[in-house]
Amino acid sequence: MKKLFILLLVLIQSVGLMACSAEKSSANENAKTIKIAYLPITHSLALLEEAEELEKNNKDIKVELIKYGSWPELLDALNSGKVDGASVLIELAMKSRAEGIGIKAVALGHKDGNVLIVSKDVKDAADLRNRTIAIPHRQSSHNILVNDALSKNNLKIDDVKIVELAPTEMPSALAAGTIDGYCVAEPFGAMGVSIGAGKVLYTSEELWEDSVCCVLVLTDDFLSKRAVEAGKFVDAYKQAGNNLTSDAAKAVAKKYLNQKDDVLDISLKWISYKDLEITKKMYEDLQKRVVSYGLLDNPPSYEEFVDDSFYKENE
Ligand code: ZN
């Protein structure tokens, strides 16, 4: 009887231990944190989805998302090494790299996903002459797409008035008639459509096949000192992008973006997150546009700026 009692005690204790270890692993307090900066736009959804998945699946790395309100603020954090990486406009990152900041692009933020929105009284692209068009920043694919739209219609950038405006102000500026069109990260284009202020003149793929816009960048410091985590992080990021069906994208966008359903429904039709590798061809196409439209004189080469070792290892 005494033996049975001791056996029972041992059993109870071991069940207790098992429960304890299960509890520990679900929290995974030892997971290594990677600090990544982002803006609340649909262009950063692959990163946001990754952060969610890593948390849920109890991996040994986790993402600490650090939200910024504008590109200049985000860039300050990235360039001063306050974060390990960021989801950022590629042209801004290229400029930083050209100025000697140690960062590398490791994956695309998204594919396609931009539109040129114009007011309803703009008849066609030729009618853009002497109109005012807003972009978020000179160093952006939105600037390139406006240039592409104009050159497709035998117009030059000097034929229109370009203004830099905060993305959140663009839909209302279009509605008020202060500007005649804009091109910017989403969902602000969709917002212009949703409030009835404008219409889509071009989607990005009509102007530029395999356009590059946002990228995931990591600092050289992080890449060299925490190489194993960097590999896991990039793998999980690409997987998260592949997992973003339109329903999954909407769910994560609703959690982080604070936007209305119809705005997200319109916007998410324009974008995809599958196969987020940066190919040499894509990058060289971007380089040509960056130089010919006067964004940068000496953009960094693919080898200098893109770390494609993550893709090669998997091939
Ligand atoms: Zn983008």
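In this predicted model, five strands make up an open sheet of mixed pairing, with the order β8-β7-β9-β6-β10. At its edges lie β8 (161–164) and β10 (198–203), each of which pairs on one side only. From one strand to the next, the twist averages 25 degrees.

Within this sheet, β7 (residues 132–135) runs parallel to β8, and the two are joined over four bridges. Two of the bridge partners can be named: Thr-132 is matched with Lys-161 of β8, and Ile-135 is matched with Glu-164 of β8. Strands of a sheet pair through backbone hydrogen bonds, in either a parallel or an antiparallel sense.

The side chains of β7 can be followed in the same way. In a regular strand, side chains alternate between the two faces of the sheet. In β7, Thr-132 and Ala-134 point one way, while Ile-133 and Ile-135 point the other way. All four of these residues are buried.

Helix α5 packs on this sheet and touches β6 (115–119), β7, β8, β9 (181–183) and β10. The direction of α5 makes about 150 degrees with that of β7. The helix comprises 12 residues, 141–152. At 1.5 Å a residue it should span 16 Å, and because its end C-alpha atoms are 16 Å apart, the expected and modelled values agree.

How many of the 12 residues of α5 are buried? The number is 10, and the helix is mostly covered. The buried residues are Ser-141, His-142, Asn-143, Ile-144, Leu-145, Val-146, Asn-147, Asp-148, Ala-149 and Leu-150. In an α-helix there are 3.6 residues a turn, so residues three or four places apart point the same way. After α5 comes Asn-154, which has a positive phi, near 55 degrees.

A second group of five strands also forms an open sheet with mixed pairing, in the order β2-β1-β3-β11-β4. Here the edge strands are β2 (61–67) and β4 (103–108), each pairing on one side only. Neighbouring strands in this sheet are turned against each other by 30 degrees on average, direction ignored. β1 (residues 32–38) and β2 pair in the parallel sense, over seven bridges. One of the pairs places Lys-35 opposite its bridge partner in β2, Glu-64.

The remaining topic is the metal site. The zinc ion is coordinated by ND1 of His-43, NE2 of His-110, and the SG atoms of Cys-213 and Cys-214, at 2.1 to 2.3 Å. Along the chain, these donors follow the spacing H-x66-H-x102-C-C. His-43 and His-110 link distant parts of the chain, being 67 residues apart. His-43 sits in the loop between β1 and α2 (45–56), and His-110 in the loop between β4 and β5 (111–112).

What is the geometry of the site of the zinc ion? The angles among the four donor atoms are 90 to 116 degrees, and the site is tetrahedral. For four tetrahedral donors, the ideal angle at a metal is 109.5 degrees.

Are the two histidines, His-43 and His-110, buried or exposed? The cut-off for a buried residue is under 20% relative accessible area. His-43 has 0% relative accessibility and therefore counts as buried. His-110 has a relative accessible area of 1%, so it is buried.

Note on methods: Residues numbered from 1 in each chain as written. Predicted model: local features only at pLDDT ≥ 70, side-chain atom pairs only at ≥ 80, totals over all residues. Heavy atoms only, no water. Expected span 1.5 Å × (residues − 1). Buried < 20%, exposed > 50% of the residue type's maximum accessible area, 1.4 Å probe, protein only. Pairing = 2+ DSSP bridges. Axes fitted to C-alpha atoms, helices over the stretch in contact; angles between N-to-C directions. Contact = heavy atoms within 4.5 Å. Donors = N, O, S within 2.8 Å, 3.2 Å for Na, K, Ca; no water. Tetrahedral: all angles 85-135°; square planar, octahedral: opposite > 155°, others 65-115°.
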